[in-house]
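The following questions and answers examine side-chain interactions in a predicted model. Please consult the sequence and the structure shown here.

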Amino acid sequence: ELQKKMQATVVEASSGGGSVTVRMNGAKQALQISIDPELVKSGDLEMLQDLVTAAVNAAVHKVDETLQSSLGGMLGGMGLPGI
């Protein structure tokens, strides 16, 4: 049941004012990464890499928060690290 809940959980996070958006499931698998074409046209590869990294990290953080709040009651006092 826990694995089903994790797979069904989907979060979205962005960086650069929405220039890069990442959708991720509860198993921390990236489902989709969207990049604003204008950002690519700018040719600033380092900035693009930083924004992708920031969006992925934000999505991972959101997954952790979402699972902690939704599964915390299910897990009770099991004392699992990270949850």
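Q: Which residue's side chain meets that of Arg23 in a salt bridge?
A: In this predicted model, the cut-off for such a pair is a side-chain nitrogen of Lys or Arg within 4 Å of a carboxyl oxygen of Asp or Glu. The side chain of Arg23 satisfies this with an N to O distance of 4.0 Å. The pair links distant parts of the chain, strand E2 and strand E1, eleven residues apart. The partner of Arg23 is Glu12.

Q: Is Glu12 buried, partly exposed or exposed?
A: Buried requires under 20% relative accessible area and exposed requires over 50%, with partly exposed in between. Glu12 has a relative accessibility of 42%, and therefore counts as partly exposed. Its salt-bridge partner Arg23, at 31%, is likewise assigned to the class partly exposed. The class of Glu12 is partly exposed.

Q: Which residue of helix H3 is paired with Lys28?
A: Lys28 lies in the loop between E2 and strand E3 (30-35), and its partner is 36 residues apart from it in the chain. Their side chains meet in a salt bridge at 2.8 Å, N to O. Lys28 is partly exposed at 41% relative accessible area, and the partner is partly exposed at 28%. That partner is Asp64.

Q: In which helix do Glu38 and Lys41 both lie?
A: The side chains of Glu38 and Lys41 meet in a salt bridge of 3.4 Å, N to O. Both residues are exposed. They are three residues apart, about one turn of the helix. The element that holds both is helix H2 (residues 37-41).

Q: How many salt bridges does the structure hold?
A: One of them joins Arg23 to Glu12, and another joins Lys28 to Asp64. A further salt bridge is formed by Glu38 and Lys41. The number held by the structure is three.

Q: Which element gives the most residues to the largest nonpolar core?
A: The largest nonpolar core has twelve residues, among them Val11, Val22, Leu51 and Val63. Strand E1 (10-15), strand E2 (20-25) and helix H3 (45-75) each supply at least two of the core residues. With six residues, the element that gives the most is H3.

Q: Which residues does Val63 touch, not counting those up to four places away in sequence?
A: Val63 belongs to the largest nonpolar core, as do Val11 and Met24. In soluble globular proteins, nonpolar side chains tend to be buried together. With residues up to four places away in sequence not counted, Val63 touches Val11, Met24, Asn25, Gly26 and Lys28.

How values were computed
Residues numbered from 1 in each chain as written. Predicted model: local features only at pLDDT ≥ 70, side-chain atom pairs only at ≥ 80, totals over all residues. Heavy atoms only, no water. Core = buried A, V, L, I, M, F, W, Y, C linked by side-chain atoms within 4.5 Å. Buried < 20%, exposed > 50% of the residue type's maximum accessible area, 1.4 Å probe, protein only. Helix = DSSP H or I, 4+ residues; strand = E, 2+ residues; numbered from the N terminus. Contact = heavy atoms within 4.5 Å.
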